[in-house]
Amino acid sequence: MEKNFTFKIKFCLIYFKILIKDIKNIKKYAFYGSKLKSLRIPATLTSFESGAFAGCRYLAEIFVADGNPTYKQGNNTVIEIATDKVVVGCANSIIDETVKIIGAHAFEDCDIKSISLPKGLLVIEQYAFANNSKLSYVSLPKTLTSVESYSFLNCHANIAVPNKISSALAENWR
């Protein structure tokens, strides 16, 4: 399948088409800040580094090909099968109730306005929701065991924090 991608190279945006059917790995920040609107993860893609799609503010839909051994499609999310971790999301994402981890950079700078976190969520990794200044409210579930540093960096959201999470830890989120 052919898709249009945008790469940032030395502060210039370059537009071109690439064939992504045989890609196996995507490096960190490979598509950072691109104008990518639709993401289709092929069955051959078995790994990508966190932040590969961070800053994709125009990303509106995410698909994962059937037969991918590592990732499955959520509701406009990419979920790592082995860990139930969201590794890529977008402003239109709905996080599945089965998700246990929001991965590092998964929703970073994606212009998200609201998000509902599943009741069984255990971990929010670093920079997961960073730079989403339009995010207005987040209620953290009581099941959380870890919220890593800068998870909500530069977010102006009101965050409802369960009593079991210390306020000292909450200071590290922003």
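**Strands, rings and cores, question by question**

Author: Arg40 stands opposite Phe63 in β6. The model is a predicted one.

Reader: What makes β4 and β6 paired strands?

Author: Four bridges join β4 to β6. Pairing needs at least two bridges, so these strands qualify. They run parallel.

Reader: Which side chains along β6 are buried, and which are not?

Author: Ile62 and Val64 are buried, and they point to one face. Glu61 and Phe63 point to the other face and are not buried. In a regular strand, side chains alternate between the two faces of the sheet. The side chains of β6 alternate too.

Reader: How many strands form the open sheet, and in what order?

Author: Six, in the order β7-β8-β9-β10-β11-β13. The pairing is mixed.

Reader: What makes β7 and β13 edge strands?

Author: Each pairs on one side only. β7 covers 71-73 and β13 covers 146-147.

Reader: How do you know that β8 and β9 pair?

Author: Three bridges join β8 (residues 78-80) to β9 (residues 85-88). The cut-off is at least two bridges, so the strands count as paired. They run antiparallel. Ile79 has Val86 of β9 as its bridge partner.

Reader: How many aromatic pairs does the structure hold?

Author: Seven.

Reader: Why is the pair of Phe31 and Phe53 called stacked?

Author: Their ring centres are 5.0 Å apart, within the 6.5 Å cut-off, so they count as a pair. Their planes stand at 10°, under the limit of 30 degrees, so the pair is stacked. This pair links distant parts of the chain, 22 residues apart. Phe31 is in the loop between β3 and β4. Phe53 is in the loop between β5 and β6. Both Phe31 and Phe53 are buried.

Reader: What makes Phe129 and Phe152 a stacked pair?

Author: Centre to centre, the rings of Phe129 and Phe152 are 5.3 Å apart, within 6.5 Å, so they pair. The angle between the planes is 10°, under 30 degrees, so stacked is the word. The two residues are 23 residues apart and link distant parts of the chain. Phe129 is in the loop between β11 and β12, Phe152 in the loop between β13 and β14.

Reader: Why is Phe129 called buried?

Author: Its relative accessible area is 0%. Buried means under 20%, so Phe129 qualifies. Phe152 also has 0%, so it is buried as well.

Reader: Which residues do ring pairs link into a cluster?

Author: Phe31, Phe48, Phe53 and Tyr71.

Reader: Which residues have the most contacts inside the largest nonpolar core?

Author: Ile102, Phe107 and Ile124. That core has 24 residues. Apart from it lies another core, of 18 residues, including Ile41 and Leu59.

Reader: What is Ile124 in contact with, leaving aside its neighbours within four places in sequence?

Author: Its partners include Ile102, Leu117, Phe129, Leu140 and Phe152.

Reader: How many cavities of 30 Å³ or more does the structure hold?

Author: Two. The second largest has a volume of about 40 Å³. Among the residues lining the second largest cavity are Phe48, Phe53, Val87 and His105.

Reader: What does the secondary structure of the protein chain come to?

Author: One helix and 14 strands. Of the 174 residues of the chain, 45% count as buried.

Technical notes: Residues numbered from 1 in each chain as written. Predicted model: local features only at pLDDT ≥ 70, side-chain atom pairs only at ≥ 80, totals over all residues. Heavy atoms only, no water. Core = buried A, V, L, I, M, F, W, Y, C linked by side-chain atoms within 4.5 Å. Buried < 20%, exposed > 50% of the residue type's maximum accessible area, 1.4 Å probe, protein only. Contact = heavy atoms within 4.5 Å. Phe/Tyr/Trp six-rings, centres within 6.5 Å; stacked < 30°, edge-to-face > 60°. 1 Å grid on protein atoms, 1.4 Å probe; cavity = no way out; pocket = protein on both sides within 12 Å on 5 of 7 lines; lining within 4 Å. Points joined across faces, edges and corners; volume = space filled by probe spheres on them.
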